[in-house]
Amino acid sequence: MKKQLKYRLVSKALFLSGALFLAGCVSIPESIQGTSATPVTNMNIVLTAPELYQGQEGRFGGRVIDVKNLPTSTRLEIAVMPLSKYDAAPELQQPSVGRLYANVMHFLDPSDYKNHYVTVVGTIKGVENGKVGEATYPFLELDVTGMKRWTLSQQVIMPAPVMSWGYGYYGDSPFWGYHYGYAGYPYGAGQIVPVLE
C-alpha cells in the first residue's frame, strides 16, 4: 500500500514538473503581452463589427509596408498576418489578412522597420479608409502600447533517420537488427526554413 502511494506521489510530481516545463516553453515576449489576458487577435472579426471592439486591447502582427513619421508620432502600415499561438510572431507561410495603421507615440527610424516583421499590442481605435495602390481599403487603427520587431533568420531541418529491421552489413561483418540509414545519418538533403526570432 505504501509503495503504491509513493508511486502516485512520484508520478504526480513528474507530471506537474513536466507541465510547468512545457508552460515555460510557450512564452510571448513581455513587450507584447499586453494588459488583458486575451487580447483580440482575429482581424476579420474586428473588421466586420469595429464598433464592438473599439477601446479593447488587440494584438496583431505582420510585415511593415510603410513608415510615416509625424511631428509627435510614427504611423506604421502593416500587412497583417496570423500570429503564432506560441510566441505571437507572424506566421511567415500565411497570406495577409488585412491592413493595419499602428500609431506609435514616438519617433521610429523607417530604415529600422520598413520591410521588417513586427507584432504590436494596443488599443483598437476603429477602422479608417486608406489606399492600397489605387484601391480604397479598410485599415484597422491601433494605438500601440507595446511592440516587438522580429529578426528573420534561417534554420536547416534535417530529415529523420530511416530505420529498418533485417539482415545487413556494417563494415565487414553481417548483422541482424535495426538499421539507421548510413551509419545512423538521415537520408536526403536538409530543408532550409525561414523563422522569426
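Is arginine 99 buried or exposed? Arginine 99 counts as buried, at 16% relative accessibility. The exercises below use a predicted model.

**Exercise 1. Place the salt bridge of arginine 99 and judge the burial of both partners.**

Step 1. Find the partner. Arginine 99 forms a salt bridge with glutamate 77. Their closest N and O atoms are 2.6 Å apart.

Step 2. Locate both ends. Glutamate 77 is in strand β2, and arginine 99 is in strand β3. The two are 22 residues apart, and the pair links distant parts of the chain.

Step 3. Check burial. The cut-off for buried is under 20% relative accessible area. Glutamate 77 has 11%, so it is buried. Arginine 99 has 16%, so it is buried too.

**Exercise 2. Work out which residues share salt-bridge partners in one network.**

Step 1. Start from the total. The structure holds three salt bridges.

Step 2. Take glutamate 128. Its side chain meets that of arginine 75 in a salt bridge, 3.3 Å from N to O. Glutamate 128 lies in strand β4 (residues 117-132) and arginine 75 in strand β2, so the pair ties together parts 53 residues apart in sequence.

Step 3. Take glutamate 141. Arginine 75 also meets the side chain of glutamate 141 in a salt bridge, at 2.9 Å, N to O. Arginine 75 in strand β2 and glutamate 141 in strand β5 are 66 residues apart.

Step 4. Compare accessibility with the cut-offs. Buried means under 20%, exposed over 50%, and partly exposed in between. Arginine 75 has a relative accessible area of 18%, so it is buried. Glutamate 141 is at 12% and therefore counts as buried. Glutamate 128 has 28%, so it is partly exposed.

Step 5. Join the pieces. Shared partners connect Arg75, Glu128 and Glu141 into one network.

**Exercise 3. Describe the aromatic cluster and the charge that sits over one of its rings.**

Step 1. Count the pairs. The structure holds two aromatic pairs.

Step 2. Classify the pair of tyrosine 101 and phenylalanine 139. The centres are 4.2 Å apart, with 10 degrees between the planes. Planes under 30 degrees apart count as stacked. The pair is therefore stacked.

Step 3. Place this pair. Tyrosine 101 belongs to strand β3 (residues 98-104), and phenylalanine 139 to strand β5 (residues 135-150). They are 38 residues apart, and the pair links distant parts of the chain.

Step 4. Read their burial. Tyrosine 101 has a relative accessible area of 11% and is buried. Phenylalanine 139 is buried, at 0%.

Step 5. Classify the pair of tyrosine 137 and phenylalanine 139. The centre-to-centre distance is 5.9 Å, with 80 degrees between the planes. Planes over 60 degrees apart count as edge-to-face, and this pair is edge-to-face. Tyrosine 137, at 31% relative accessibility, counts as partly exposed.

Step 6. Assemble the cluster. Tyr101, Tyr137 and Phe139 form one aromatic cluster.

Step 7. Add the charge. The charged end of arginine 75 sits over the ring of tyrosine 101, 4.1 Å from its centre. Arginine 75 also has salt bridges with glutamate 128 and glutamate 141.

Step 8. Look for another such contact. The charged end of arginine 149 sits over the ring of tyrosine 113, 5.7 Å from its centre.

**Exercise 4. Find the surroundings of two loop residues, serine 73 and proline 29.**

Step 1. Locate serine 73. It is found in the loop between β1 (57-69) and β2 (74-81). At 13% relative accessibility, serine 73 counts as buried.

Step 2. List its contacts. Leaving out residues up to four places away in sequence, serine 73 touches Lys68, Val104, Met105 and His106.

Step 3. Locate proline 29. Its loop runs between α1 (2-25) and α2 (43-48).

Step 4. List its contacts. With residues up to four places away in sequence left out, proline 29 touches Asp87, Lys148 and Trp150.

Step 5. Set sequence against space. Proline 29 and methionine 147 are 118 residues apart in sequence. Their C-alpha atoms are 9.5 Å apart.

**Exercise 5. Identify the nonpolar surface patch that includes valine 156.**

Step 1. Place the residue. Valine 156 lies in strand β6 (residues 152-157).

Step 2. Judge its exposure. Exposed means over 50%. Valine 156 is at 56% relative accessibility, so it counts as exposed.

Step 3. Name the members. Val156, Met158 and Ile192 form the nonpolar patch on the surface. Together they have about 310 Å² of accessible area.

Technical notes. Residues are numbered from 1 along each chain as its sequence is written. This is a predicted model: local features need pLDDT of at least 70, side-chain atom pairs count only at pLDDT 80 or more; totals for chains, interfaces and linings use all residues. Side-chain values use heavy atoms; hydrogens and water are left out. Helices (H or I, at least four residues) and strands (E, at least two) are DSSP runs, numbered from the N terminus. Buried means under 20% relative accessible area, exposed over 50%, partly exposed in between (1.4 Å probe, protein chains only). Contact means heavy atoms within 4.5 Å. Rings of Phe, Tyr and Trp (its six-membered ring) pair if their centres lie within 6.5 Å; planes under 30 degrees apart count as stacked, over 60 as edge-to-face and the rest as tilted. A charge sits over a ring if NZ of Lys or CZ of Arg is within 6 Å of the ring centre and within 35 degrees of the ring normal. A salt bridge is a side-chain nitrogen of Lys or Arg within 4 Å of a carboxyl oxygen of Asp or Glu. Patches are made of residues with over 30% relative accessible area and no salt bridge: like charges are joined within 9 Å, nonpolar side chains (Val, Leu, Ile, Met, Phe, Trp, Tyr) within 5 Å. Accessible areas come from the Shrake-Rupley method with a 1.4 Å probe; for residues, only the protein chains shown count as cover.
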